[in-house]
Amino acid sequence: MKIRKSVLLEALKVLGKVVAQTSPVEVVRSVRFVGDGGRMWLMATDGVECVAVSVECEVTEAIDFAVEYRTLRELIRSTRVGEIEITGKPLEWPELEEVPEEAVMVELPATFGELLALVAPVADRDGSRLILRGVNLSAEGITATNGKELLHLPWPLAVPEEVTLPFPLALLTAKPAAPGVLHIWSRRNERLFRIEIGGFLWQGKALSGKFPAWKQV
């Protein structure tokens, strides 16, 4: 399979935010290449979250293989031409859970990524309270806090109840600028989400716990 070096580099910038390079588990150290025709998805997971980006590349048949992220970075550094030939091996990959029919679907504005970028710096990324590491979405807007400072953007979203996303590092890196959709559903005692914006997909578990009420902080 051939892919432009620049295209692969941009995809790895995003996928590198979820890849666990030092993990003993091969899957979470790797990037999956899956697709056919003229488009392909490159995917990465840390075992909880999954991120995928759609890219254009030269593919003549259906493929599904994986390559370690570190190997791909080395390949980029060692390749002097503009196109890279990539081969990999089949790897048992955790399947994305299908969005159930009962899932809540919320339309996202084209500026959603920009809005997240505004509030994200306030999130407490290294704090002991897990809920404060995320970004809260509610019918009243988008909020982040570190327990001392709080930033609330009054941009209402059609969510029936608030949901707190993990810190959206991959999304902030991808900077997708198109209308998108958010799906939210429950599985046992967990709340799952999927965000699709253009050629970007992010799926994972919402953070549990009560996010501070922004009007009372």
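**View 1. Strands β12 and β13 side by side.** In this predicted model, strand β12 covers residues 180-187 and strand β13 covers residues 190-197. The two pair in the antiparallel sense, with 8 bridges between them. To pick out one spot along the pair, find Val-181: its bridge partner in β13 is Glu-196.

**View 2. The open sheet.** Pull back a little and β12 and β13 turn out to belong to an open sheet of 8 strands. Reading across, the order goes β5-β2-β3-β4-β14-β13-β12-β7, and the pairing is antiparallel. The edges are β5 and β7 (104-108), each of which pairs on one side only. On average, neighbouring strands in this sheet are turned by 15° against each other, direction ignored.

**View 3. Strand β2 between its two neighbours.** Now look at β2, which spans residues 30-36. One partner is strand β5 (residues 63-68), joined to β2 in the antiparallel sense over 6 bridges. The other pairing shown here is with strand β3 (residues 39-45), again antiparallel, over 5 bridges. Phe-33 makes a handy landmark: it stands opposite Phe-65 in β5 and opposite Leu-42 in β3.

**View 4. Phe-33 and the nonpolar core.** Stay with Phe-33 and see what it touches. Leaving out residues up to four places away in sequence, its contacts include Met-1, Leu-8, Met-40, Trp-41, Ile-63, Val-67, Leu-72 and Ile-86. Phe-33 also sits in the largest nonpolar core, a group of 58 residues. Within that core, the residues touching the most other members are Met-1, Leu-8, Phe-33, Leu-42, Ile-86 and Ile-195. Helix α1 gives the most to this core, with 6 residues.

**View 5. Helix α1 across the sheet.** Here is α1 itself, residues 5-15, lying across β2, β3, β4 (50-56) and β14 (200-205). Check its direction against β4: α1 runs at about 170° to that strand.

**View 6. Where α1 meets α2.** Two packed helices are described by the angle between their axes and the distance between the axes. For α1 and helix α2 (residues 69-78), the axes come within 11 Å and cross at roughly 140°. The crossing is left-handed. On the α1 side, the contact is made by Lys-5, Leu-8, Leu-9 and Leu-12, while α2 brings Tyr-69, Leu-72, Arg-73 and Ile-76. Sorted by type, the residues of this contact are 6 nonpolar and 2 charged, with no polar ones. Two of the names may look familiar: Leu-8 and Leu-72 are also among the residues that Phe-33 touches.

Conventions: Residues numbered from 1 in each chain as written. Predicted model: local features only at pLDDT ≥ 70, side-chain atom pairs only at ≥ 80, totals over all residues. Heavy atoms only, no water. Pairing = 2+ DSSP bridges. Helix = DSSP H or I, 4+ residues; strand = E, 2+ residues; numbered from the N terminus. Axes fitted to C-alpha atoms, helices over the stretch in contact; angles between N-to-C directions. Contact = heavy atoms within 4.5 Å. Left-handed = near helix turned anticlockwise from the far one by under 90°. Nonpolar A, V, L, I, M, F, W, Y, C, P; charged D, E, K, R; others polar. Core = buried A, V, L, I, M, F, W, Y, C linked by side-chain atoms within 4.5 Å. Buried < 20%, exposed > 50% of the residue type's maximum accessible area, 1.4 Å probe, protein only.
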